[in-house]
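Biologist: Could you take me through one part of this model in some detail? I would like to begin with a single charged pair and then look at what surrounds the topic.

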Amino acid sequence: MRKLKQILIILTISLFCISCSKVASTSYNPWKLINLETESTFADVAFTSDPNHGWIVGTQATLFETTDGGDNWEERKLDLGEEKVSFDGVSFNGDEGWITGKPAILLHTEDGGQTWSRIPLSEKLPGAPYNIVALAPQTAEMVTDLGAIYRTTDGGRTWKALVEGAVGVARNIRRSSDGKYVAVSARGNFYSTWEPGQSEWTPHNRNSSRRLQTMGYADNGGLWLIARGGQLQFTSPEDLETWDEALYPEFSTSWGLLDLSYRTPEEMWIAGGSGNLLVSFDNGKTWEKDREVENVPSNLYKIVFVNSEKGFVLGQKGVLLKYEPPTEAA
């Protein structure tokens, strides 16, 4: 009798949770599933001046190249000796590109990736290169996982420090298009911001009891955050200190939300664990769920929109989703 009661209680709770977590389904699935032959987790993707020519990087020194816009990818091996490396970031300006990784490694190409050279890094570098943005010919801005920010204007031969002190161990660090940074602390209990011209990072307390998962800048210049338990919040571009009311795109979900990216100023996508992918077409007011990717056997860690027509969701064990715009009805 006791077992029967336990079963009934579990069934009741399960039915209750299912009813709470219902989110409208998308009318179409714009994501094409691509499985690449690797056990690695993808970290970043970028394209050269040729919109069909791109590169994707990940753990275990994973490097794949596409020449058809992302439908097909070929693995490229780099001779890094016995060193075990994980790549974190990749960025291109024209045919000049950069790759960052850990243990501390920085790679540079000037021919679209046909050849890669290793840029020497100082042993006094605070932390390992976390990400890099190619800004112009011979010019790039690199941030380490401790929040040290450097810029080169001579192809990596010399670097200028942009901030005097590091921020400390960071869970993640994001850069806005106009050069501002936001970093979430390793434990998710506070975040820090930095703007060009400032000498130090500015720390901020989190605004709720939920630990921060990740943060970034919206297309309008405001901040967004994802906290544990699927919580989402935004600020206005005019006031980055005041957070709007918390949103829950999928209330009572059992898996976390891991990343957010804008396809257009109004359309944003959120990815998470267990193939969880949601979209809002009205800047976060309402949400729909892409249930056709729920069975993808992967956590979805990062969303990158190269432009409004080209985007990718990066997963683990070779899972990659490619955005394919819906065809307009005739």
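Which residue forms a salt bridge with E65, and how far apart are the closest N and O atoms?

Modeller: Happy to! The partner is R76, and the closest N and O atoms of the two residues are 2.8 Å apart. A salt bridge here is a side-chain nitrogen of Lys or Arg within 4 Å of a carboxyl oxygen of Asp or Glu.

Two notes on how to read this. This is a predicted model, in which local features need pLDDT of at least 70 and side-chain atom pairs count only at pLDDT 80 or more, while totals for chains, interfaces and linings use all residues. Residues are numbered from 1 along each chain as its sequence is written, and side-chain values use heavy atoms, with hydrogens and water left out.

Back to the pair. E65 sits in strand 5 (residues 62-66), whereas R76 belongs to the loop between strand 6 (74-75) and strand 7 (86-93), so the bridge links distant parts of the chain, eleven residues apart. Strands (E, at least two residues) and helices (H or I, at least four) are DSSP runs, numbered from the N terminus. The two partners differ in their surroundings: E65 is buried at a relative accessible area of 13%, and R76 is partly exposed at 33%. Buried means under 20% relative accessible area, exposed over 50% and partly exposed in between, using a 1.4 Å probe and protein chains only.

The loop that holds R76 has other residues to look at. L78 also lies between strand 6 and strand 7, and with 29% relative accessibility L78 counts as partly exposed. Leaving aside neighbours within four places in sequence, L78 is in contact (heavy atoms within 4.5 Å) with L63, F87, L107 and W116. With L63, the C-alpha to C-alpha separation is 8.2 Å across 15 residues of sequence.

E83 is in this loop too, and its partner R118 is in strand 10 (residues 117-118), 35 residues apart from E83. The side chains of R118 and E83 meet in a salt bridge of 2.9 Å, N to O. Both ends are partly exposed: R118 at 40% relative accessibility, and E83 at 32%.

After the loop comes strand 7, which is mostly covered, with six of its eight residues buried. Strand 7 and strand 8 (residues 96-102) pair in the antiparallel sense over seven bridges; two strands pair if DSSP finds at least two bridges between them. In general, strands of a sheet pair through backbone hydrogen bonds, either parallel or antiparallel. Within this pair, F92 stands opposite G97. The hairpin has two residues between its strands, and G94 takes a positive phi near 70° there.

Other salt bridges make useful comparisons, since the structure holds 16 of them. R151 and E141 form one, with their closest N and O atoms 2.6 Å apart. R151 lies in strand 13 (residues 149-152) and E141 in strand 12 (residues 139-144), so the pair ties together parts that are ten residues apart in sequence. R151 is partly exposed at 32% relative accessibility, while E141 is buried at 3%. Elsewhere, E250, K289, R291 and E294 are joined into one network by salt bridges that share partners.

For a nonpolar contrast, turn to the largest nonpolar core, which has 14 residues. Such a core is a set of buried Ala, Val, Leu, Ile, Met, Phe, Trp, Tyr and Cys residues joined through side-chain atoms within 4.5 Å. W31, W269, L277, I303, V313 and L321 touch the most other members. Strand 24 (268-272), strand 25 (277-280), strand 27 (300-307) and strand 29 (319-323) each supply at least two residues of this core. Not counting residues up to four places away in sequence, W269 touches a list of residues including P30, W31, L277, I303 and F305.

Strand 27 and strand 29 also take part in an open sheet of four strands, in the order 2-29-28-27 with antiparallel pairing. The edges are strand 2 (31-35) and strand 27, each pairing on one side only. Strand 27 pairs with strand 28 (residues 310-315) over six bridges, and F305 stands opposite G311 of strand 28.
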